[in-house]
Structures are given as structure tokens and as C-alpha cells.
Amino acid sequence: MANGTIAAVPQTAEVNFYNVRTKHKGILSWLLTIDHKRIGIMYLFAVVFFFLVAMTIGVFMRLEMLTPGETFMKPQTYNSLFTLHGVIMIFLFIIPAVPAVFGNFFLPIQLGAQDVQFPKLNLLSWYLYVIGAVLALTSLFSGGGIMDTGWTFYVPYSIRTTTNVSLSVFAAFVLGFATILTGLNFITTIHRLRCPGMTWFRMPLFAWALYATSWIQVLATPVIGITLILIILERAFGIGIFDPALGGDPLLYQHMFWIYSHPAVYIMILPAMGVVSEIIPTFSKKTIFGYVPIAISSLAIALVGYLVWGHHMFSSGISDTSRVIFSLLTFFVALPSGIKIFNWVATLYKGSIEVTAPMLYVLLFIFIFSIGGLTGLVLGALNTDLHLTDTYFVVAHFHYVMFGGMGIIFFAALHYWFPKMFGKMYNEKVAKTAAVWIGIGFNMLYFPMFIMGYLGMPRRYYDYLPEFQKYHVFATVGSWVLVSGIIIMYINLAIALKRGKKAPDNPWGGTTLEWKTSSPPIMENFKEIPTVTTGPYDHSITESQEVKK
Amino acid sequence: MSYNSDSSVQEIQEVHIHRDDFGSKMGMWLFLFTEILLFGGLFILYAGYRFIYSEGFAAAATELDVLLGTINTVILLTSSLTVVLAIVALQKENKKLSLFFLWVTVICGLIFLVNKYFEWGAKFHHGVYPKGPALQNMSEGEVMYFGLYFVMTGLHGLHIVVGLIFIGYVMRQIQKDVITSSNFQKLENSGLYWHLVDIIWIFLFPLFYLIH
């Protein structure tokens with residue numbers, strides 16, 4: 001095998017982690033598990049559930065925007081819906097999706113370890129996630145009604161509104177705690193649990209991406225934690241720290257919020273980039289081009305991404321000097337992302353490309369993410385930003401990088417690792433059809449927003465001028481195409497889960513360690529701790545014993 | 001987590017409960033980073049508002065009792081010393097002495113909290129609390145000073161309570177011989193946490209009590 005050697009063991013001895021005997025039976029064998037694979041699966045179902053909820057809310061929002069004025073809901077409802085859509089998507093889906101689901105499941109396996117460093121802490125993270133989610137849902141049906149501040153909770157409105165901000169914000173705080181503990185767990189796992197021969201530069205790039213992500217999680221999340229606590233204290237006791245009536249400065253709130261929330265977008269995108277770096281070599285049958293630059297650029301993005309938060313505040317009244325510096329740093333952060341895109345495309349070059357469903361999603365990602373990234377530069381430049389700030393252009397950019405980046409790659413990862421996680425194969429043809437639908441629907445939905453934003457359509461507005469209607473109608477129709485694609489995709493996977501063909505251990509000819517164990521993996525991941533002798537994407541050795549499909 | 005006594009399953013247990021003191025300490029240090037950043041957010045706000053309202057801050061700072069603050073500082077520093085002594089004592093296999101030093105630490109922590117209670121109580125008595133009557137006649141800077149004072153010392157006090165719970169748990173484990181001279185990482189980790197609480201106070205004390 002290319003990547004290392006594992007002593008041969010009789011196949012009969014293997015019982016996968018679903019069927020292994022545990023102390024607790026039935027549902028408790030899941031709820032009290034400390035196995036990273038089971039925790040990953042539990043995250044997966046929670047995350048997909050919340051994605052579908054927030055997606056439905058998004059569909060309703062688009063439906064409301066079909067005509068100017070009231071289509072079928074009141075303005076206050078619309079405000080609550082866009083807040084909910086943002087909060088659920090960001091805190092319950094995008095941030096945990098790739099690290100908590102695929103990171104939990106695959107990081108230890110890719111490192112040749114048997115679990116994360118702190119398995120019990122890992123389970124605690126999952127419970128904190130669930131508690132945060134329950135609190136967020138409770139806040140909808142209690143107190144002064146559904147929060148209407150937008151996901152940014154800007155003061156002073158968030159301390160004045162009578163809606164249930166405190167509980168929602170506390171939910172976000174608890175979710176932040178879950179994120180921190182996961183990050184802490186992953187960093188120590190990567191430092192301590194790499195198998196023999198797995199040097200830093202033999203780690204799969206997904207592990208590198210998670211390493212960079214985890215550092216951001218550990219170093220940025222506490223700042224939002226304290227900021228959110230201050231909002232709660234402000235609402236409860238009127239301490240005055242963010243209240244302009246008492247001498248507080250709302251601008252400081254914005255700084256504090258974005259000191260976390262800008263690095264947070266890299267928490268969202270870096271793991272996705274790691275997945276791309278796994279999928280492309282596998283389906284190009286070629287080692288990755290520029291392994292070291294890709295690994296280091298993850299760290300560079302994490303580092304520079306920490307210093308650019310001010311670009312969210314160009315029109316808030318910060319000084320010209322700081323605006324220029326933040327703008328310059330914003331351009332810098334585009335460089336490491338560019339390096340990655342360049343290396344991925346260079347990996348494809350002269351590769352033996354196989355366009356499977358995961359690969360199709362990845363190609364879609366490169367197309368969409370490039371648009372998203374380049375429009376980010378338009379927003380990062382001071383003069384164009386003043387024209388485009390708080391318009392649909394920002395909304396479009398955000399969805400191109402976040403949904404087009406993280407969301408699409410979540411689908412890619414789901415298809416790439418589905419055979420390994422569940423031991424079943426899905427219908428490839430249907431999966432590809434869904435990917436095409438998603439690609440078309442996505443661009444129909446979000447591209448008109450660039451145009452609308454450029455023409456001056458403000459974000460978060462309930463009503464609009466009649467001349468924008470043609471774009472809104474187009475986008476709304478796009479949302480239907482997109483959603484039908486997503487539904488087809490999930491149904492296809494659900495059918496595969498129920499009666500898919502049994503998956504071989506290595507259906508794609510992957511070279512990283514997760515493909516060297518059974519599908520689904522055994523409880524201990526490997527019968528024997530593997531020893532690694534080469535880099536992660538070495539396709540040079542012919543894998544005669546690999547069963548292709 | 002324990003599994004069935006089945007021999008093939010027995011392996012799993014060993015897998016999950018491996019001991020790695022270095023890794024455990026590393027996890028603790030990472031956690032301490034997050035704590036520093038949590039307070040770091042507040043220190044940034046303090047710096048920002050001190051810059052805007054330097055006169056108000058100077059005026060409000062004179063209302064704190066420097067003597068009480070100094071006593072509390074000495075108490076906390078002493079407790080940090082006793083935690084270290086407890087670790088050394090355990091390493092030298094003197095369980096009794098180790099527990100004694102941990103008791104001293106806990107008592108120091110409790111005295112600190114009692115002092116804080118009287119300090120806060122006196123402020124409340126004079127109407128100095130968020131939205132309190134005394135704050136109505138103060139400048140914006142003074143209001144901000146007391147807002148930050150209550151939030152920062154309050155959060156710090158909460159950390160003392162958490163630290164005491166950690167130490168209490170560790171003492172129980174020492175009594176039960178779970179934490180021993182060859183397996184004392186939990187004690188060291190709670191010691192690290194206690195030092196962090198101490199260090200944060202070392203910054204809070206001059207910022208609120210000494211700079212006028």
C-alpha cells in the first residue's frame with residue numbers, strides 16, 4: 001500500500017463500530033458513547049436536521065420576496081426569519097458541520113489513532129452543542145418573541161428590543177463552548193496521537209486544515225463568549241458597557257463581535273478546503289501539487305484572518321488609517337486562498353480525472369468559490385465597499401463563499417466518506433443529477449443578488465422598489481431548483497442508507513489511512529496501529545489488491 | 001467507560017483510557033489560553049474606555065479600598081504558593097501534607113470571596129451598582145468604571161469558585177488514592193488553573209485599585 005503498512009488480519013475478526021458490543025444497550029450505547037465515530041455520526045444527524053430547518057426558513061424568505069410589499073407574511077415575521085436563518089445556519093450548521101462531523105469521524109483515523117485525545121470531553125462537546133441548540137429553540141417560544149436583530153446582535157438595538165435576545169445569545173455562548181472544547185481536543189490529538197512515521201508533513205491536508213481551524217476556534221471563540229455575556233448583562237442590569245445612553249460605545253461592540261466573527265468565517269471555510277485537498281488527489285489519481293504550500297497556507301489564512309475584522313466596519317465610522325490597514329490586510333488574506341486554488345487546479349492538470357459525485361461537487365466548489373472570493377476583494381476595497389455595503393451584493397458574496405464554499409463541500413464530504421461511514425454505496429447517477437441541480441439552482445438564486453446589490457437593493461429589507469422584481473422572481477425560482485436538488489440528494493443518501501450495496505473498503509482508490517481500514521471501521525479503527533512510510537497522497541505504487549468498485 | 005469483560009472487547013477499554021500526562025497538560029494550557037482571551041476581551045474594553053474617560057476612571061478609582069485589595073492580593077498569592085507546595089508534597093509521597101496545603105489554598109480562596117462580598121456589599125450599600133442611585137450623579141466615565149469593575153471582578157470571583165470546586169474534587173481524589181505521587185496530573189492541572197485565576201487578579205488589582 002502506498003501510504004504505509006498494516007499487518008494482515010483475518011477479516012472475520014472484524015466487527016464494525018455499529019455492531020460492537022458496548023456496556024450500554026440501544027439508544028444509550030449512542031448517548032453515552034465516547035467513541036469518536038459514534039459522536040461524529042450523532043453530530044451528522046443533528047447538523048443535517050438544522051440545515052434542513054434553516055433551509056426551509058430561507059425558502060419562506062425567498063417566497064416573501066417574490067412580490068414587493070406583503071406577499072404572505074408581516075415585516076416583523078420577516079425580521080425574525082432572517083435572524084433565525086442566520087443564527088441556525090451559522091451556529092448550528094456551518095461552524096460544526098465539517099469539523100464536528102467529519103473531523104470527529106476521520107481525524108483520528110487519518111492520523112492512525114484510535115480516538116481523540118480526550119474522548120469524554122468530546123462527548124461533553126456534543127452535549128453542549130445539543131444544549132445550545134435546545135436553548136436556541138426554546139428562545140423561539142418563550143420571552144418576548146423571536147429575536148429580530150439579525151445574527152450579528154448589533155447594539156444598541158439588541159439591548160433595546162423586547163424580543164428574546166438574552167436566551168438566544170446565551171445559546172450561542174454555549175455553542176461557542178462546544179466549539180472551543182472540540183478545537184482543544186483536535187489540537188492535542190494532532191500533537192499527541194499521530195501514529196509511528198506520521199510526521200507533520202506526512203499528515204493528510206484535512207488534518208492540517210483542522211489544525212489551523214482548531215487554533216482559531218480556541219483563540220477567537222472566547223472573545224465572542226465574553227461579548228455575548230456582556231449583552232446579557234447589559235439587558236439584565238444595565239451596566240452601560242455597550243449602551244450609548246450610559247456612555248458606552250456601540251463601535252466597540254462591533255470590534256469585539258468581528259474579532260471573533262471574522263476569524264469564524266475561516267472556521268467555516270478552512271475545514272472545507274481540507275476536504276477539497278483530500279478529494280482532488282483521490283479522483284485525479286495523482287499526488288497533490290504543492291503539499292507544503294497548501295498546509296502552510298491554512299495556517300497563514302488562520303493567522304492573517306485574525307487581523308482583518310475591521311473590513312466589516314468600513315462604513316461604521318472607524319478612522320481612515322485603520323480602514324486603509326484593514327483593507328490592505330484583507331487583500332493579503334486572499335493570497336493563501338489563491339495559493340490553494342492554484343494548487344488544486346495544478347493537481348488536476350495531467351491527472352487521470354474521474355468525475356464522481358464528490359468530485360463534481362468539488363469542481364462546482366472551485367467555480368463558485370472563485371466568484372465568491374473575487375467579489376470579496378470588491379468588498380475589501382474601500383471605495384467600492386462604501387457603495388456596496390449592506391446591500392444584496394454582500395448577501396450574495398457571503399452565500400457564494402459560505403454556502404458555495406462550506407455547504408457544497410459538506411455535500412462533497414458526505415458523498416466522499418459516505419461509503420466509509422455507513423458501509424453502503426449510493427446511486428452515483430442520482431447523486432450527480434442532484435449535484436447539477438444544486439449547481440444550477442445555486443447560481444440562479446444568488447447571482448441575481450450581485451446585480452441587485454450593485455443596483456442598490458439593501459439587505460434585510462422587507463419591501464423593495466418594483467424595478468427589482470424581475471431579479472427577485474428569478475432568485476426565488478432559483479431557490480426552488482436549489483432546494484429540489486438538495487432534497488434529491490438527501491433522499492438518494494437515505495435510500496442508500498436503507499438498502500445501498502455494501503461498500504468495499506476503498507471504493508475510490510484513496511491513499512489516506514481511512515481507506516486502509518474496513519467500511520465501516522472497526523471500533524479500534526485499526527487492528528494494529530499502522531506505520532506510515534510515505535506522504536499521504538502517494539499514488540505511485542500500483543494498488544493491485546484494491547478492488548475498484 | 002467500562003465494557004463487557006469479553007476478551008476481544010477488553011482491548012477497546014485500554015484503547016480509550018490511555019494515559020498521557022503531557023497531552024493532558026497541553027489540553028489544560030490550551031484551555032488557559034481561552035480563559036486569557038475571555039478576560040482579554042474585557043481588558044481591551046477597559047483599555048478603550050480608560051482612554052476615552054481617563055478622568056472619570058481616575059476619580060472612581062479613589063473610591064475603592066486599597067487596603068482590602070492589597071490584603072486580597074496577598075491572600076491569593078499565598079494560595080498560589082500553597083498549591084505548588086501541595087504538588088511538591090504529593091510528589092514526595094506525603095499525602096497528608098499535600099492535603100493540608102490544599103486546605104490552606106481553599107481557605108485562602110474562601111477568605112478572598114468573603115472579602116469581596118464585604119467590598120461589593122459596601123458599594124451596594126452606598127448605591128453604587130448598575131442603575132443604582134449613586135450612579136445617577138456620576139459622570140459617564142465613573143459609571144463605566146463601575147460597570148467594568150463589577151463585571152471583571154464578578155467574573156473573576158466566579159473563576160475562584162470554579163477553581164475551588166476543582167481543588168475540592170482533586171482533594172477527594174487524593175484521599176481515595178486515585179491521585180498519587182505517580183499520577184498527579186489532575187492536581188497539577190487544577191494548580192495551573194488556580195495560578196491563572198491568581199494572575200488575572202494580579203492585573204485587576206493595579207488596574208482598578210492602584211492607578212488613580
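Helices (H or I, at least four residues) and strands (E, at least two) are DSSP runs, numbered from the N terminus.

## Model and conventions

This is a predicted model, in which local features need pLDDT of at least 70 and side-chain atom pairs count only at pLDDT 80 or more, while totals for chains, interfaces and linings use all residues. Residues are numbered from 1 along each chain as its sequence is written, and chains are lettered from A and ligands numbered from 1 in the order in which they are written.

The model scores ipTM 0.88 and pTM 0.91. For chain B the mean pLDDT (the predictor's confidence in each residue, from 0 to 100) is 89, and 92% of the residues of chain B reach 70 or more. Residues 1–16 of chain B, however, stay under a pLDDT of 50, and the model has 25 contacts beyond four places in sequence for this stretch; two residues are in contact if their C-beta atoms, placed from the backbone, lie within 7 Å.

## Chain A: overall form

Chain A has 15 helices and four strands. Its radius of gyration (taken over C-alpha atoms, with a globule rule of 2.2 Å times the number of residues to the power 0.38) is 23 Å, close to the 24 Å that the rule gives for 549 residues, so chain A is as compact as a globular protein of that length. The C-alpha trace of chain A spans about 70 × 45 × 45 Å along its principal axes.

Of the 549 residues of chain A, 56% count as buried, where a residue is buried if 20 or more other C-beta atoms lie within 10 Å of its own, exposed if 12 or fewer, and partly exposed in between, with C-beta atoms placed from the backbone. Among the contacts in chain A with a separation of 6 or more, 85% come from residues 24 or more positions apart.

## Chain B: overall form

Chain B consists of eight helices and zero strands, and from the N terminus on its elements therefore read α-α-α-α-α-α-α-α under the same DSSP assignment. The radius of gyration of chain B is 21 Å, well over the 17 Å that the globule rule gives for 212 residues, so chain B is more spread out than a compact globule. Along its principal axes the C-alpha trace of chain B covers about 75 × 35 × 25 Å.

In chain B, 33% of the 212 residues count as buried, and residues 24 or more positions apart supply 75% of the contacts with a separation of 6 or more.

## The contact between the chains

The contact takes 34 residues from chain A and 34 residues from chain B. On the side of chain A that touches chain B, the elements giving two or more residues are helix 6 (165–192), helix 7 (205–237) and helix 8 (250–284) of chain A, and helix 7 of chain A gives the most, with nine residues. The residues of this side divide into 19 nonpolar, 10 polar and five charged, where Ala, Val, Leu, Ile, Met, Phe, Trp, Tyr, Cys and Pro count as nonpolar, Asp, Glu, Lys and Arg as charged, and the others, Gly among them, as polar.

Helix 2 (residues 21–52) of chain B has 32 residues and should span 46 Å at 1.5 Å a residue, which agrees with its end C-alpha atoms being 46 Å apart; the expected span is 1.5 Å times one less than the number of residues. Buried residues of helix 2 of chain B include G27(B), M28(B), L30(B), F39(B) and Y49(B). The buried residues of this helix pack against helix 6, helix 7 and helix 8 of chain A together with helix 7 (140–175) and helix 8 (185–210) of chain B.

## Local backbone features of chain A

Most residues other than glycine have a negative phi, and most peptide bonds are trans. A cis peptide bond joins V155(A) and P156(A), with omega about 0°, and P156(A) lies in the loop between helix 4 (119–140) and helix 5 (157–160) of chain A. The peptide bond from S519(A) to P520(A) is also cis, with omega near -15°, and P520(A) lies in the loop between strand 3 (501–502) and strand 4 (531–532) of chain A.

N525(A) is found in the loop between strand 3 and strand 4 of chain A, has a positive phi of about 70° although it is not a glycine, and is buried, with 26 other C-beta atoms within 10 Å. K350(A), in the loop between helix 10 (320–348) and helix 11 of chain A, has a positive phi near 60° and counts as exposed, with 10 C-beta neighbours inside 10 Å.
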